[in-house]
Amino acid sequence: MRYILRDLDYFKKTMKHPGRGVPYKPPELAQEVGISRSQMYRILDGEVPDLPVNEAHAVAEALGVGVLVLFMPPASPKQGQPVTDNYP
């Protein structure tokens, strides 16, 4: 499952003014979260609109905000999977 970034501009503002006090530059946040620098720049350029749940939580934790402030889960936990008519 992937969480969708709510607002790219707000994400960038949060990097400059995080809840934990010290602003992050993209390479620093990437290192803190455990993703590559190039991945962080793709997020900031709007090329990556969503992240795996664990990365979304790591970003929110590093920035000192709740995950749902920055990201939203998909409308359905099985979004992107085929719908079947199998009922219990």
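Colleague: Where does glycine 46 lie relative to H3, and what phi does it take?

Modeller: Glycine 46 comes just after H3 and takes a positive phi of about 85°. This is a predicted model, in which local features need pLDDT of at least 70, side-chain atom pairs count only at pLDDT 80 or more, and totals for chains, interfaces and linings use all residues. Residues are numbered from 1 along each chain as its sequence is written, and side-chain values use heavy atoms, with hydrogens and water left out.

Colleague: Which residues of helix H3 are buried?

Modeller: Helices (H or I, at least four residues) and strands (E, at least two) are DSSP runs, numbered from the N terminus, and buried means under 20% relative accessible area, with a 1.4 Å probe and protein chains only. In helix H3 (residues 37–44), the buried residues are Gln39, Met40, Ile43 and Leu44.

Colleague: Why do the buried residues of H3 line one face of the helix?

Modeller: An α-helix has 3.6 residues a turn, so residues three or four places apart point the same way. Seen down the axis of H3, the buried residues fall within an arc of 140° (taken from the directions from the helix axis to the C-beta atoms), so they line one face. They pack against strand S1 (2–5), H1, helix H2 (26–33), strand S2 (50–52) and helix H4 (53–63).

Colleague: What is glutamine 39 in contact with, leaving aside its neighbours within four places in sequence?

Modeller: Contact means heavy atoms within 4.5 Å. Glutamine 39, buried with a relative accessible area of 16%, is in contact with Val48, Leu51 and Glu55 once those neighbours are left aside.

How values were computed. Buried means under 20% relative accessible area, exposed over 50%, partly exposed in between (1.4 Å probe, protein chains only).
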